[in-house]
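This report covers the ligand site and one run of paired strands. The sequence and structure come first.

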Amino acid sequence: MYNTMSFRPTKAVIDLTAIRKNVENLREHIAIGTEIIAVVKANAYGHGDLEVSRVALEAGASMLAVATPEEALHIRATFKEVPILILGAVPAAFVPYAAQHNITLTVFSAHWIDEVSRQYQTLEQPVKVHIKVDSGMGRIGVTIEQELQELYHAIEKTTLFELDGIFTHFATADEENPEYYEQQKTKFITMVKSLPAKPRLVHAANTAAALVKDGVEFDAVRYGISMYGLSPSAYVEKHLPFPLYPAMQVQTEVVHVKKLHKGQHVGYGATYEVEQEGEWLATLPIGYADGLVRGLQGQEVLIRGVRAEIVGRVCMDQIMVKLPFQVPVGEPVTLIGKQGDDEVTLQEWADRLQTIVYEMACLLSPRVTRIYL
Ligand code: PMH
């Protein structure tokens, strides 16, 4: 999925030992026998789906979860046997591919099952499905017991599908107030109990639910953000039962250095005006096409462990930073990660942009070469 040749010094360094350690700690946190579904959608939140899948499986995950058919097929090409669950809705046209490649689908409509049954008389093998219950997220899923019963019987009736699981997703597990979360949990349990028989795998917990809420392990948990060493929210961060190790660093090197005169300007729109005579400025080869969005103007990077501010507008492929001292071309720069005694985190970027770390990790574009440790 990423560059195979790499000349530009801009890189995301992914520490797979951090991911391994996180998954091991996450495994120890849950009961023996509870399965781990490693959520590796969106290219493993930007960390690389194949590399993360391998480590997560070695560290104890028994299933992988993705969002789309394309993501599932990409992983299946390398991992021939492991169960792969697509969490999102898929078109009927994908069903024969799911059968051929043994990919588990999420279903939430008896109508959809009937439609597939009309289109295909037989499949290479029955397709495993997990029923999605919408217990309060309001995204996909059956919302009432009658819908659930209809779906269950539609699956029973056909030989095209085989019921393997049932799950739901929490909207507020990362918040302190447990009220809405408890309502969702109760609704889900009631729905599962209404089935004539319990499917093999009942699952509900995401990272937040598994780490800071009680009684939702069921048969499996779906860990996403925590595998990557990031916290779902400030509340969860404060209540983590064990430390998480961030896996992603973003690094580059200075490609140009110059001394500027007071009054000179920098960047598109000439918005930055040099304040002091003899100010040192460095150009870095990373920009908004790499995921360093324009809103990160003013953010600091680390050079020799010291913070240097991004000045002027962020360009598509380059940024300029105000240097605290002169450095040579080739000087290493850390945009995300530790350098010296200081650290810039994805959370810091997220706070500046008033968003969440999930979005930050996904934002880093495929143009940034991933290097694996
Ligand atoms: N299960 C489902 C259905 C999900 O959508 C997600 C994350 C997870 C599990 C993993 O959650 P975690 O990363 O908090 O552990 N989905 C999303 C999303 O759709 N937007 O942000 C996170």
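## Ligand pocket

The ligand occupies the largest pocket. Here a pocket is an open set of points on a 1 Å grid over the protein atoms alone, with protein on both sides within 12 Å along at least five of seven lines; a molecule sits in a pocket if more than half of its atoms lie within 2 Å of its grid points.

This is a predicted model, in which local features need pLDDT of at least 70 and side-chain atom pairs count only at pLDDT 80 or more, while totals for chains, interfaces and linings use all residues. Residues are numbered from 1 along each chain as its sequence is written, and side-chain values use heavy atoms, with hydrogens and water left out.

## Shell and contacts

The ligand is surrounded by 13 residues, and Tyr45, Thr207, Arg222, Ile225 and Tyr358 are the closest (near means a heavy atom within 4 Å). The shell has six nonpolar, four polar and three charged residues; Asp, Glu, Lys and Arg count as charged, Ala, Val, Leu, Ile, Met, Phe, Trp, Tyr, Cys and Pro as nonpolar, and the others, Gly among them, as polar. Helix H2 (41-45) and strand S9 (220-223) each supply at least two shell residues. Helices (H or I, at least four residues) and strands (E, at least two) are DSSP runs, numbered from the N terminus.

Polar contacts are pairs of N or O atoms within 3.5 Å. Lysine 41 places a polar side-chain atom 2.8 Å from a ligand nitrogen. For threonine 207, a side-chain N or O atom is 2.5 Å from a ligand oxygen.

## Paired strands

Strands S15 (residues 300-303) and S16 (residues 306-311) pair antiparallel over four bridges; pairing requires at least two DSSP bridges. Leucine 302 has arginine 307 in S16 as its bridge partner.

Key. A polar contact is a pair of N or O atoms within 3.5 Å; within protein, one must be able to donate a hydrogen and the other to accept it, and residues adjacent in sequence count only if both atoms are side-chain atoms. On a 1 Å grid over the protein atoms alone, a cavity is a set of points where a 1.4 Å probe fits but cannot get out, and a pocket is an open set with protein on both sides within 12 Å along at least five of seven lines; lining residues have an atom within 4 Å of a point.
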